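Here is a short briefing for a first look at this structure. Start with the sequence and the model, then read the points below.

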Amino acid sequence: MKPKVLIVDDEEMSPLYLEQFLGDFFTFDYASSGEAALAKVATSNPAVILMDVEMPGGMTGYEACRAIKDHKATQHIPVFFISAHTMAEDRLKAYESGGDDYVSKPFVTEELKHKITLALVHQDKRSELAEKARRAATMAMTSIREAANAGAILGFLS
């Protein structure tokens, strides 16, 4: 199954362009505002979010990203900003709001594909490590309980 990418952009051409060049690798969902992005993230569980900076409505891409990263259920989703803004302050604002990467328009689709793929690989590895840590903690607690039980038995026998 192809990973789902949520495109958050008020320009209708961006999703069409991305689907045309990256549709063999990913499935796409679309939101035209920050508010719509938050609703989509809650229901569609995207693997990656491609977020524009400026959108109509009250919420900027920075604010939408911050809301996504502040929510425990969605904070793990990589957010890539894709914007025509090229100033260093814009990129820094994106990172400060929790963004994982910043790609300036126009971009090279092959490079974006590699960045998304790499983010997904890192996400899988983080999930694996979290599961291993959970299992190790469970095993440690079991060992501690068993050692305590053994100590109680030895105390009783002596």
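Are Phe81 and Tyr102 buried or exposed? Both Phe81 and Tyr102 are buried. Keep in mind that this is a predicted model. Its largest nonpolar core has 19 residues, and the structure also holds six aromatic pairs and one cavity of 30 Å³ or more.

**Nonpolar cores**

- In soluble globular proteins, nonpolar side chains tend to be buried together.
- The largest nonpolar core counts 19 residues. Val8, Ile49, Met51, Val79 and Phe81 have the most contacts inside this core.
- Five elements each give two or more residues to this core: β1 (4-8), α2 (34-44), β3 (48-51), α3 (61-70) and β4 (79-83).
- Helix α3 supplies the largest share of this core, with four residues.
- Apart from this core lies another one, of 17 residues. Phe26, Ala47, Phe80 and Ile82 are among its members.
- Ile49 touches Leu6, Val8, Val41, Ile68, Ile77, Pro78, Val79 and Phe80. That list leaves out residues up to four places away in sequence.

**Aromatic rings**

- The structure holds six aromatic pairs.
- Tyr62 and Phe81 form a tilted pair, with 5.5 Å centre to centre and 40 degrees between the planes.
- Tyr62 lies in helix α3 and Phe81 in strand β4, so this pair ties together parts that are 19 residues apart in sequence.
- Tyr62 has 6% relative accessibility, so Tyr62 counts as buried.
- Phe81 has 0% relative accessibility, so Phe81 counts as buried too.
- Phe81 also pairs with Tyr102. This pair is stacked, at 6.4 Å centre to centre, with 25 degrees between the planes.
- The Phe81 and Tyr102 pair links distant parts of the chain. Phe81 is in strand β4 and Tyr102 is in strand β5 (residues 101-104), 21 residues apart.
- Elsewhere, ring pairs join Tyr17, Phe21 and Phe107 into a cluster.
- Lys113 lies over the face of Phe25, at 4.2 Å from the ring centre.

**The cavity**

- How many cavities of 30 Å³ or more does the structure hold? The structure holds one.
- The largest cavity has a volume of about 50 Å³.
- Its lining is made up of Ile7, Val8, Asp9, Ser14, Leu18, Leu50, Met51, Asp52, Ile82 and Lys105.
- β1, α1 (13-22) and β3 each give two or more residues to this lining.
- Val8 and Met51 appear in this lining, and both are also among the residues with the most contacts inside the largest nonpolar core.
- Ile82 lines the cavity as well, and Ile82 belongs to the core of 17 residues.

**Backbone details**

- Which peptide bond is cis, with omega near -5 degrees? That bond runs from Lys105 to Pro106.
- Pro106 lies in the loop between β5 and α5 (109-157).
- Lys105, on the other side of the cis bond, is one of the residues that line the largest cavity.
- Asn45 has phi near 50 degrees, a positive value in a residue other than glycine.
- Asn45 is found in the loop between α2 and β3.
- The relative accessibility of Asn45 is 56%, so Asn45 counts as exposed; the cut-off for exposed is over 50%.

Terms used. Residues numbered from 1 in each chain as written. Predicted model: local features only at pLDDT ≥ 70, side-chain atom pairs only at ≥ 80, totals over all residues. Heavy atoms only, no water. Core = buried A, V, L, I, M, F, W, Y, C linked by side-chain atoms within 4.5 Å. Buried < 20%, exposed > 50% of the residue type's maximum accessible area, 1.4 Å probe, protein only. Contact = heavy atoms within 4.5 Å. Phe/Tyr/Trp six-rings, centres within 6.5 Å; stacked < 30°, edge-to-face > 60°. Lys NZ or Arg CZ within 6 Å of the ring centre and 35° of its normal. 1 Å grid on protein atoms, 1.4 Å probe; cavity = no way out; pocket = protein on both sides within 12 Å on 5 of 7 lines; lining within 4 Å. Points joined across faces, edges and corners; volume = space filled by probe spheres on them.
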